[in-house]
Amino acid sequence: MDINITVSSDKMEAYLTVNSVFPDETITLESLIEEIRNAKIVHGIDYDALRSFCQNPTIGVQLLFAHGDKPKDGEDGRVVFEFKETSSAQTILSGNKVDFREFPVQKRIIVKKGQKIASIFPPTEGIPGRNVYGEPVPAKKGNEAKIVLGKNVSLSEDGRHIISTTDGILKVDPEKNIIEVSEYLEIEGDVDYSTGNIDFPGSVFVKGDVKPGFVIRAKGDIEINGVVEASSIISLEGNVKISGAKGKDKGLIKAKKDVYLKYAESTIIECENLFFEHELLNCTVRVTNSIVGKGRNSSIIGGEYIASNLIEADEIGSDMGIKTYLEVGVNPYVREEIKLLKAQIEIDKSSIQKLLNILKQYKELKDKKVQIPPEREEQFSKAAKSLINLKEQLEKNIVKLHELENRVSKITFDSKIIARKLLHAGVEVLIHNARFYPTVDLPKAVLKFENGQIVAGGYSEK
């Protein structure tokens, strides 16, 4: 019997060919196994295939009789994002873990300083294989995760996690494998139902409008190219810059620093300085420094405007008699605090008088030696304790009120109101505690506080 055994170049397959047999010679499994052993093939032998061949031998045809075990290459390293489930419109959830390759770059994911953004899983070593000679075949180790750390992110000490180093929005570029956290959020269009409300720990830039009823709240600056319609814009630590505001008596613009706008209608504005170009119409404005119309023909018409230092515009009031109230000289929040303290003091005085009447009744009953039920005794006891607490609160509020009023009385009144072109008759003005109602239009007017009263002087450009 003439048997030929061949092995593939990678030693992972072995073939057997019976070229010829002698007359009356039988092909047996034992004879084939002996030839295979002589060829030193010891692994992955398919005995079932050999038995089948012995039963139905085919001369001159190759038989695949042994298979090696291919190595299993290691898995590549990967980055897995982890986020807690939330109902916020600003957070995307895909299970609790988002694979780097499937990261939803079109969604906003807000992260906090120190937050674990993602975990880095190292590649695995893989499982070695074995060829038909029984020799090991090494497996390839997986590739390291390709990742570039951008701004405001860092690795944990063990190198297994990516940590945000600031509050902001998570940004991922799958093409360049860059992960970073941006302190700047840009909205391409309008803030509406497609975006939801914005609550961002950095700065916000909106290229479109803010539709009615929506809220933008940011730690940093807020800039809006379009119009703010009956919505709330709040910067906790920065400035607000918008094209215009149509508040419809529902809008609010509030900034820790300054507000810049072209015009505003029926809007509440609170900030340090308000700078506007064209018109403030029926607004309620409270600033801790100044309200200044910077553009030509800037006007303040209708509404209430309170500033510590300065209110200035080309034209103030209107010939239509729209009620316009201006006040300078005292920080509006200090004045509001004084107002609230006075109200609370009156309430406390009234409550104290009621408690004194109750305790007077109790003393009269005691003097008459009337038997007082336990529940009534408890009521009188509570009234006595409440009286003590209210008196302490009243004394503290009176002291605080005097301190604030003394502080206000000692202010040097450099505050002024300037109408560079015209102050209309009927505008109500309050500077310190003095009031002024011009009965005629005053061209180029400057109103100041001098010797306990408001005096009107002329305005001249420097």
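Is Tyr362 buried, partly exposed or exposed? In this predicted model, Tyr362 has a relative accessible area of 21% and is therefore partly exposed. The close-up views below show this residue and other local features.

**View A. Tyr362 and Phe380 form a tilted aromatic pair.** The ring centres of Tyr362 and Phe380 are 4.5 Å apart and the ring planes meet at 45 degrees, so the pair is classed as tilted. Distant parts of the chain are linked by this pair: Tyr362 belongs to helix H3 (residues 332–367) and Phe380 to helix H4 (residues 374–409), with the two positions 18 residues apart in numbering. Phe380 has a relative accessibility of 4% and therefore counts as buried, whereas Tyr362 is partly exposed.

**View B. Tyr260 and Phe275 form a stacked aromatic pair.** A search of the whole structure yields 3 aromatic pairs. For Tyr260 and Phe275, the ring centres lie 5.4 Å apart and the planes are at 20 degrees; the pair is therefore stacked. With a relative accessibility of 35%, Tyr260 counts as partly exposed.

**View C. The charged end of Arg78 sits over the ring of Phe121.** The distance from this charged end to the centre of the Phe121 ring is 4.4 Å.

**View D. Buried residues of helix H1 pack against strands and a helix.** Helix H1 spans residues 29–38, and its buried residues are Leu29, Ser31, Leu32, Ile33 and Ile36. The packing partners of these buried residues are strand E1 (2–7), strand E2 (13–20), helix H2 (47–55) and strand E3 (63–67). Following H1 is Lys40, which has a positive phi, near 65 degrees.

Methods. Residues are numbered from 1 along each chain as its sequence is written. This is a predicted model: local features need pLDDT of at least 70, side-chain atom pairs count only at pLDDT 80 or more; totals for chains, interfaces and linings use all residues. Side-chain values use heavy atoms; hydrogens and water are left out. Buried means under 20% relative accessible area, exposed over 50%, partly exposed in between (1.4 Å probe, protein chains only). Helices (H or I, at least four residues) and strands (E, at least two) are DSSP runs, numbered from the N terminus. Contact means heavy atoms within 4.5 Å. Rings of Phe, Tyr and Trp (its six-membered ring) pair if their centres lie within 6.5 Å; planes under 30 degrees apart count as stacked, over 60 as edge-to-face and the rest as tilted. A charge sits over a ring if NZ of Lys or CZ of Arg is within 6 Å of the ring centre and within 35 degrees of the ring normal.
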